[in-house]
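Here are some notes on the model you asked about, set out as numbered points. They are meant to be read with the structure open beside them.

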Amino acid sequence: MTTMKRATFGKLLGSLALLLAGGGMPAWGRSGWDELNLPHGVTNVSNRIYALHMMAFWVCVGIAVVVFGVMIWSLIFHRKARGAVPDVSLTHSTKVEVVWTTVPVLILVGMAVPAARLLVRINNNTDSQVSIRVTGFQWGWRYQYLGTNVSLISKLSQSSNLARQLHSGLGPSSVRHYLLSVDHPLVVPVGEKVRLLITSVDVIHSWWVPDLGVKRDAIPGYINQASFTIAADRPGTYRGQCTELCGRDHAYMPIVVHAVSPAAFEAWLKQQSAVQSEASAGAPAQPTSRS
Ligand SMILES: [Cu+2]
C-alpha cells in the first residue's frame with residue numbers, strides 16, 4: 001500500500017469511527033451528517049418516524065455485524081490452509097433451524113408492532129382545527145382554506161424560474177433556495193392540527209414536505225387525507241417538492257409551508273379574505289403573499 005493510499009484509508013477509518021461514536025464528522029460537521037439522514041422534522045409524527053427509522057437502522061447494523069462477523073470468523077479460522085476439513089456427517093440441526101427461524105421472526109414482529117402503531121397514528125385525520133384542500137396541477141399547487149373564501153395558487157418563484165432557463169442571466173447558485181421557493185406559500189398555524197384534502201386536476205402528483213412527515217399522492221378523482229400538527233415552538237418555513245414524476249416540469253413545482261402563531265394565522269386569513277373578497281368583486285383574484 002502506498003503512503004497516499006494508507007493515509008486515505010486511515011482518514012476513512014477515522015471518519016467511520018467518529019460516525020459510529022455519534023460524534024461530528026471532521027469534514028461534514030453535524031449539519032452535514034443530518035443532511036444525509038432522515039430529518040427529525042417538526043411534528044410529533046415526524047419525530048416518531050425518525051425514531052422508527054433509527055431503530056430499524058440499528059437493528060440492520062446489529063444483524064450485519066453478527067452475520068458478517070460469523071462469516072469472517074469462519075473464513076479465517078476454518079480455512080483449508082489451517083487444515084479445516086468439512087464435517088460430511090452433519091446433515092441438519094433442528095436446534096439451529098429453530099434458532100434461525102425464531103430470531104428473525106421476533107426481530108420482524110418487534111419492528112412491525114411500532115410501525116403499525118405509527119401508521120394508525122399517521123392516518124388519524126380527526127379533530128383537526130384547520131382544513132385545506134390541496135389540488136395539484138401541472139405545474140403548481142392550489143390551496144383552498146375550507147370554510148373561508150381564501151385560496152392560493154402556489155408556483156415556482158420568479159427567481160428560480162428565471163435561473164432554470166438558459167441565457168436568463170441568472171445562475172442557479174445566485175438564487176436562495178433554488179427550485180425550493182414559491183410565489184405564494186401555504187400558511188398554517190403552529191400547535192393546531194391541520195388536515196389536508198389532497199387531489200389533482202390532471203395527472204398524479206404527490207405532496208411531500210419531509211419536515212412535516214407528510215407525503216401523500218394527489219390523484220385525479222380521489223381525495224386523499226393527511227394531517228400534521230407543527231410543534232408550538234417551531235414556527236418557520238418548511239420546504240418540499242412534488243414527489244411523483246408528473247411530466248416535463250415535475251422538478252419545478254415545489255412546496256413551501258409557512259408556520260406561524262395561531263394569532264398571526266388568524267390575522268393573515270382575515271386579511272386574505274378581505275383582499276380576495278374585494279378582488280372577486282372586481283378584478284380576477286390575486287392573492288398577496290406573506291413573504
Ligand atoms: Cu407533480
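1. A definition is needed before the strands are discussed: two strands are taken to pair if DSSP finds at least two bridges between them. The model is a predicted one, and the pairings below should be read as features of that prediction.

2. On confidence, the protein chain averages a pLDDT of 88, and 86% of the residues score at least 70. Over residues 17-30, however, the pLDDT is below 50, and this stretch has 11 contacts in the model beyond near neighbours in sequence. Where pLDDT is low, the predicted coordinates should not be read in detail.

3. For the chain as a whole, the secondary structure comes to 6 helices and 10 strands, and buried residues make up 20% of the 291 residues. Among contacts between residues at least 6 apart in sequence, 65% join residues at least 24 apart.

4. Strand E1 (residues 130-137) and strand E2 (residues 140-145) run antiparallel and are joined by 6 bridges, with Ile 132 having Tyr 145 in E2 as its bridge partner. The hairpin that joins E1 to E2 does so through 2 residues. Trp 139 is found in this loop between E1 and E2, and the peptide bond leading to Trp 139 from Gln 138 is cis, with omega near 15°. That bond merits a look, because most peptide bonds are trans.

5. E2 also pairs with strand E3 (residues 151-154), again in the antiparallel sense, over 4 bridges; here the bridge partner of Arg 142 is Ile 153 in E3. The hairpin of E2 and E3 has 5 residues between the strands, and within this hairpin Gly 147 takes a positive phi near 85°.

6. Further along the chain there is an open sheet of 5 strands, in the order E4-E10-E9-E6-E7 and with mixed pairing. Strand E4 (186-189) and strand E7 (214-218) stand at the edges, and each has a single partner strand, so one side of each is left without a neighbour in the sheet. Neighbouring strands of this sheet are turned by 25° against each other on average, with direction ignored.

7. Within that sheet, strand E6 (residues 205-209) is joined to strand E9 (residues 236-242) by 2 bridges, the two running antiparallel, and the bridge partner of Trp 207 in E9 is Cys 242. Helix H6 (residues 262-281) packs on the sheet, where it touches E4 and strand E10 (255-260), and the direction of H6 makes about 135° with that of E4.

8. Which helices lie largely in the open? Helix H3 (residues 44-77) has 34 residues, of which the number buried is 2, so it lies largely in the open; H3 reaches 49 Å from its first C-alpha to its last, close to the 50 Å expected. Helix H4 (residues 94-122) has 29 residues and reaches 42 Å, close to the 42 Å expected, and the number of its residues that are buried is 0, so H4 too lies largely in the open.

9. Two residues in the loop between helix H5 (158-163) and E4 deserve a check of their backbone angles: His 177 and Leu 179. Phi is positive at both, near 55° for His 177 and near 65° for Leu 179, although most residues other than glycine have a negative phi. His 177 is partly exposed, with 14 other C-beta atoms within 10 Å, and Leu 179 is likewise partly exposed, with 18.

Definitions and conventions:
Residues are numbered from 1 along each chain as its sequence is written. This is a predicted model: local features need pLDDT of at least 70, side-chain atom pairs count only at pLDDT 80 or more; totals for chains, interfaces and linings use all residues. pLDDT is the predictor's confidence in each residue, from 0 to 100. Two residues are in contact if their C-beta atoms, placed from the backbone, lie within 7 Å. A residue is buried if 20 or more other C-beta atoms lie within 10 Å of its own, exposed if 12 or fewer, and partly exposed in between; C-beta atoms are placed from the backbone. Axes are lines fitted to C-alpha atoms, for helices over the stretch in contact, and angles run from 0 to 180 degrees between N-to-C directions. The expected span of a helix is 1.5 Å times one less than its number of residues.
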